[in-house]
Amino acid sequence: METTGEAGCGATPAAGALQVRVVQRLSEIPAAEWDRCALSAESLTGAAESHNPFVSHAFLSSLEDAGCVGGRSGWLPLHVAAERDGKVIGYAPCYLKSHSQGEYVFDHGWADAFERAGGRYYPKLQVSVPFTPVTGPRFLIAPGEDPEEATAALAAGLRALRRETKASSVHVTFLPEVEAERAGDLGFLRRVDQQFHWDNAGYATFDDFLGALASRKRKAIKRERRDALAAGLTIEWVTGSDLTEAHWDAFYRFYMDTGSRKWGRPYLNRRFFSLIGERMPERILLVMARREGQYVAGAINLIGDRALYGRNWGCIEDHPFLHFEVCYYQAIDFAISRGLARVEAGAQGEHKLARGYRPVITHSAHDIADPSLRAAIADYLAREARHVEMAAEALDAATPFRKAED
């Protein structure tokens, strides 16, 4: 597909005009060029992060090369590139979807309602990192380019692609607030949700963090950490050149056990983990629990320049509080040791609140083609936003941190 603004496919651009093309494999885009735009986009959003590993060429290309997306997965890569006179001004990681799995911004109700009314919700376009509820740039704008102009060009290209593929909609999920605002100015419907993140208030040790909590919560966490390892378990951090295929074999066994019970069909295959281990080992942290010489549980995290991102966990033995230890407390320990500003521990989970994680608002943007469906969704989103914001305020008031009178 090639388009100039809203002119449609096949238009012949004048000199200096913006063009949009679709790239079906990330390997067709030079890694340095993609990553340069991703890093530039981080700075344009005002994010504290300066490297989000999930939008890197290494991570996204590993999903494609391992076959986790493409083929019959229901995630067909159709990445959008905006250019001027043959020079790239921005990219959007985009997929044509035949379902709503692996997204973490739930629109199943929208699909069901539209199809009951005689509409066809799938296919749809998804601008996101597959299987990853982590906020990061979705409009990857090259250094020196005007963000409003480049975003408008990418949005026009996405809408043209929506028409060409006969998709019902375009969904841009887990984008930074400033990108959501730009998308809203271009007519996208905005949606909010919440996650729980841990913030590093300059702690030198885990005990410093505990010292900021109310006494009862502090004692509860100490007890959980003690009980988690009571059966003789030990914890290892594995990252960088220390990662081996044996580690991935063990972790994949945990991932498959948990994924099969939770989702029915895990999204990631064994080859994917080997690929990211080869392509970005310095960005990976495996937290592994061992008992009697055998790994029995583990969690994978990705390391940014300013944040630690917790993703998947699994186990082959059940031990009280081991999930909290491996996924939450060890992540905090690692972040403190590396001087990282925060830990993002994935989607949902109000149980994280008692462990020092605070509610944070997340954003998405949605372009709905059918006017009646758009109107219904807009009404729903206005009501949902009020609920999400009220819930976040109430949850923030219930954090375990000491109050002034404590």
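**View 1. At 12% relative accessibility, serine 274 counts as buried.** Here "buried" means under 20% relative accessible area, "exposed" means over 50%, and "partly exposed" covers what lies in between, with a 1.4 Å probe and protein chains only. This is a predicted model, so local features need a pLDDT of at least 70 and side-chain atom pairs count only at pLDDT 80 or more, while totals for chains, interfaces and linings use all residues. Residues are numbered from 1 along each chain as its sequence is written, and side-chain values use heavy atoms, leaving out hydrogens and water. Serine 274 sits in helix α9; helices (H or I, at least four residues) and strands (E, at least two) are DSSP runs, numbered from the N terminus. Leaving aside residues up to four places away in sequence, serine 274 touches Glu245 and Trp248, where a contact means heavy atoms within 4.5 Å.

**View 2. Here is a cluster of linked rings that includes Trp248.** Ring pairs tie together Phe54, Phe59, Trp248, Phe251, Tyr252, Tyr255, Phe272, Phe273 and Tyr309. What counts as a pair: rings of Phe, Tyr and Trp (its six-membered ring) whose centres lie within 6.5 Å, called stacked if the planes are under 30 degrees apart, edge-to-face if over 60, and tilted for the rest. Trp248 is also one of the residues that serine 274 touches in the previous view.

**View 3. Phenylalanine 131 and tyrosine 267 make a stacked pair.** How many aromatic pairs does the structure hold? The count is 26. In the one shown, phenylalanine 131 and tyrosine 267 have ring centres 4.8 Å apart and planes at 10 degrees. This pair bridges distant parts of the chain, 136 residues apart: phenylalanine 131 comes from the loop between β7 (124–127) and β8 (140–141), and tyrosine 267 from the loop between α8 (245–262) and α9 (270–279). Both partners are tucked away, as phenylalanine 131 is buried at 6% relative accessible area and tyrosine 267 is buried at 14%.

**View 4. Phenylalanine 206 and phenylalanine 209 meet edge-to-face.** Their ring centres are 5.4 Å apart, with 80 degrees between the planes. The two residues are three apart in helix α6 (residues 206–211), so about one helical turn separates them. Phenylalanine 206 is buried at 7% relative accessible area, and phenylalanine 209 is buried at 0%.

**View 5. Some backbone oddities turn up in loops, among them a cis peptide bond.** The bond from tyrosine 122 to proline 123 is the cis one, with omega near 5 degrees. Look for proline 123 in the loop between α3 (108–116) and β7. Phenylalanine 131, back from the stacked pair, has a positive phi of about 65 degrees despite not being a glycine. Phenylalanine 174 isn't a glycine either, yet has a positive phi of about 55 degrees. Which loop holds phenylalanine 174? That would be the loop between β9 (169–173) and α5 (177–185), where phenylalanine 174 is buried at 4% relative accessibility.

**View 6. Threonine 151 is a buried residue of helix α4.** The helix runs over residues 147–165, and threonine 151 has just 1% relative accessibility. Which residues does threonine 151 touch, not counting those up to four places away in sequence? The contacts are Phe139, Ile141, Arg182 and Leu186. Isoleucine 89 is 62 residues away from threonine 151 in sequence, but the C-alpha to C-alpha distance is 9.4 Å.

**View 7. Stepping back, the whole protein chain has 11 helices and 16 strands.** The C-alpha atoms fill a box of roughly 70 × 50 × 45 Å along the principal axes. For 406 residues, a compact globule would have a radius of gyration near 22 Å, and the chain's 22 Å agrees; the radius is taken over C-alpha atoms, and the globule rule is 2.2 Å times the number of residues to the power 0.38. Buried residues make up 57% of the 406. Among contacts between residues at least 6 apart in sequence, 75% join residues at least 24 apart. The chain exposes about 16600 Å², with carbon and sulfur atoms supplying 50% of it (Shrake-Rupley method with a 1.4 Å probe; for residues, only the protein chains shown count as cover).
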